[in-house]
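Please open the model in your viewer and get your selection tool ready. We will go through it one stop at a time.

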Amino acid sequence: MKGNGETGEAAASYTADEMMTVAASRELKDGTVCFVGIGLPSEAANLARATHAPGCVLIYESGTVGAKPDVLPLSIGDGVLAAHADSVVSVPEIFNYWLQAGRVDVGFLGAAQVDRFGNINTTVVGPYESPKVRLPGAGGAPEIAASAREVIIMLRHKTRAFVEELSFVTSVGHGAGGGSREELGYPGKGPTVLITDLGVLRPDPETKELTLVTLHPGASVEEAREATGWDLKVADDPGATEPPTERELELLRDLKARTEAARGGAN
Amino acid sequence: MATVVDLREAVAGLVRDGDAVALEGFTHLIPTAAAHEIIRQGRKDLTLIRMTPDLIYDQMIGMGTARKLVFSWGGNPGVGSLHRFRDAIENGWPVPLEIEEHSHAGMANRYVAGASKLPFAVLRGYVGTDLPKVTPTIAPIECPFTGEELMAVPALNPDVSIIHAQQADSRGNVAIWGISGIQKEAVLSARRAIATVEEVMEELAPHPFQIVLPAVVFDAVAVEPKGAHPSYADGYYDRDNTFYEAWDPVSRDREGFRSWMEEHVLGTENFGEYMESVRAEGMVAK
């Protein structure tokens, strides 16, 4: 089944974040093995599982393989991830036998900062020795970015996140562009798509520079340019993202409502 | 061989000033009771090791327990920053904190090498990132068979590793089920090891995805019910998301943090009393 092959009436009203999550969920093909980061990627991957991709195998770095959470986890090792998983393995096993061994089709990542070649910073803003902001650090991202066959990144479009130069390269996307990722010897293709709350960016086939190829309804090229810290490359004739269908929106809102209720219920 | 003892005795006898200490737990089974006992006993100059430092390392760092942190991801999962961790790195409060940071894959492989008593581990990663520039314990190595360039990371062999598990049996064998993270490697790589458990059973019963760490690998086993709160113990209690959220405002401010720690951790005798104290404050779910 094709990711964006859902049919249905376009929803009447939705937020930019909902559009971003729906657009990201459509990138996940049914049956793929997907290594999922917490937060937005986890939301999009579970929406995909609820809509067009029920056969996706979701892997979380805590060691859950084939996780089927009925509510969104707050952290990467919530009990709900283990409860219905096909298997639960140790952390060395998930990184060595699964990720490094090439068993992961798609790495689904968030970021604090990204540059024009899809390199990611989650370490520091400012100098490493005296950071302006100390971020959480690498986690599983460097090896996900290295070894997954391809990488999907989700990040809200803001100038402080879409930067000309990263303070720190935590995870490699397309390096310095062109063939530089291949030269580093990485097996995976690197970032194939970056989904924001304004549109969709894909790497130029030659230069690997992220290019705005699709705009979400209501967003403009000017708005995307203003929210980007470098001179954003835009496709000659950027397409329009199909708005969320009624069904996509209903399932997404159900998922979030169930999550809220479960968190409230635990209190 | 493990003996079932009081946690206070275990920490007093096995955790020393200046030690490299790993309190592991990957979201699940985080050894909070043991961390609090280390703080109560006033340990200093520790090198704290953990893949995912969260609230307990935030507390230990804020109380000046650590001089160095070896880690791969430091945050309050699902909530945001660890404010004491950030204040220590950004401003050196209350004492400067040296950091040595890796990726999860690097840390996991360091523990594997440590558990295998090998000097280092190899992995495919780090190339092209800035991590090798700031972390001296990442170095390239050529495969002697294929010539492929890989990255080497040295073994981790903590002086003491501490984990929390669901159960032990009366002989000191320790059972974990559900997400077991890096705990097996943390214990097997350490010179000394302590487990806190929810309860001691006559015999261990099988559970899905269970591992059993034999008594011979532990120096002490202590019973601490709810000892992983606010994280969870599969089969016993759920993750207390309320507490993780409540930690954020408590830890933002130095004074507020200190007085909270003095009241609830230093001002209580043990974890049971601590739980009563934070429950009375309304910080605990249910």
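Here is a short tour of a predicted model, with something to select at each stop.

**Stop 1: the two domains of chain B.** Colour chain B by its domain assignment: domain 1 covers 3-101 + 157-280, and domain 2 covers 104-154. If you place a marker at each C-alpha centre, the two lie 27 Å apart.

**Stop 2: where the domains touch.** Now select the contact between them, made by 11 residues of domain 1 of chain B and 10 residues of domain 2 of chain B. On the domain 1 side, β5 and α7 of chain B each supply at least two residues. Which element gives the most to that side? Pick α7(B), with four residues. Colouring this domain 1 side by class shows five nonpolar, three polar and three charged residues.

**Stop 3: a parallel pair.** Select residues 66-71 of chain B, which are strand β4, together with residues 98-101 of chain B, which are strand β5. They pair in the parallel sense, over four bridges. Click on Leu69(B) and you will find Ile99(B) of β5(B) opposite. Then follow the chain from β4(B) through α4(B) to β5(B): this β-α-β crossover is right-handed.

**Stop 4: a three-stranded sheet.** Next, show β6, β8 and β7 of chain B, an open antiparallel sheet with the strands in the order β6-β8-β7. The edges are β6 (120-123) and β7 (139-142) of chain B, each pairing on one side only. Look at the twist too: neighbouring strands of this sheet are turned by 45° against each other on average, direction ignored. Zoom in on β7(B) and β8 (residues 149-154) of chain B, an antiparallel pair joined by four bridges. Which residue of β8(B) is the bridge partner of Ile141(B)? Select Leu150(B) to see that partner. Add α5(B), which packs on the sheet and touches β6 and β8 of chain B. The direction of α5(B) makes about 140° with that of β6(B).

**Stop 5: the contact between chains.** Finally, bring chain A into view. The contact takes 41 residues from chain A and 47 residues from chain B. On the chain B side, at least two residues each come from α4 (83-91), α5 (104-115), α6 (131-134), α7 (183-189) and α8 (241-252). You have just met the helix that gives the most to this side: α5(B), with five residues. By class, the side of chain B that touches chain A has 18 nonpolar, 18 polar and 11 charged residues.

Technical notes:
Residues are numbered from 1 along each chain as its sequence is written. Chains are lettered from A and ligands numbered from 1 in the order in which they are written. This is a predicted model: local features need pLDDT of at least 70, side-chain atom pairs count only at pLDDT 80 or more; totals for chains, interfaces and linings use all residues. Two residues are in contact if their C-beta atoms, placed from the backbone, lie within 7 Å. Ala, Val, Leu, Ile, Met, Phe, Trp, Tyr, Cys and Pro count as nonpolar, Asp, Glu, Lys and Arg as charged, and the others, Gly among them, as polar. Two strands pair if DSSP finds at least two bridges between them. A crossover is right-handed if, with the strands pointing away from the viewer, the path from the first strand over the helix to the second runs clockwise. Domain bounds come from an automatic or database domain assignment. Axes are lines fitted to C-alpha atoms, for helices over the stretch in contact, and angles run from 0 to 180 degrees between N-to-C directions.
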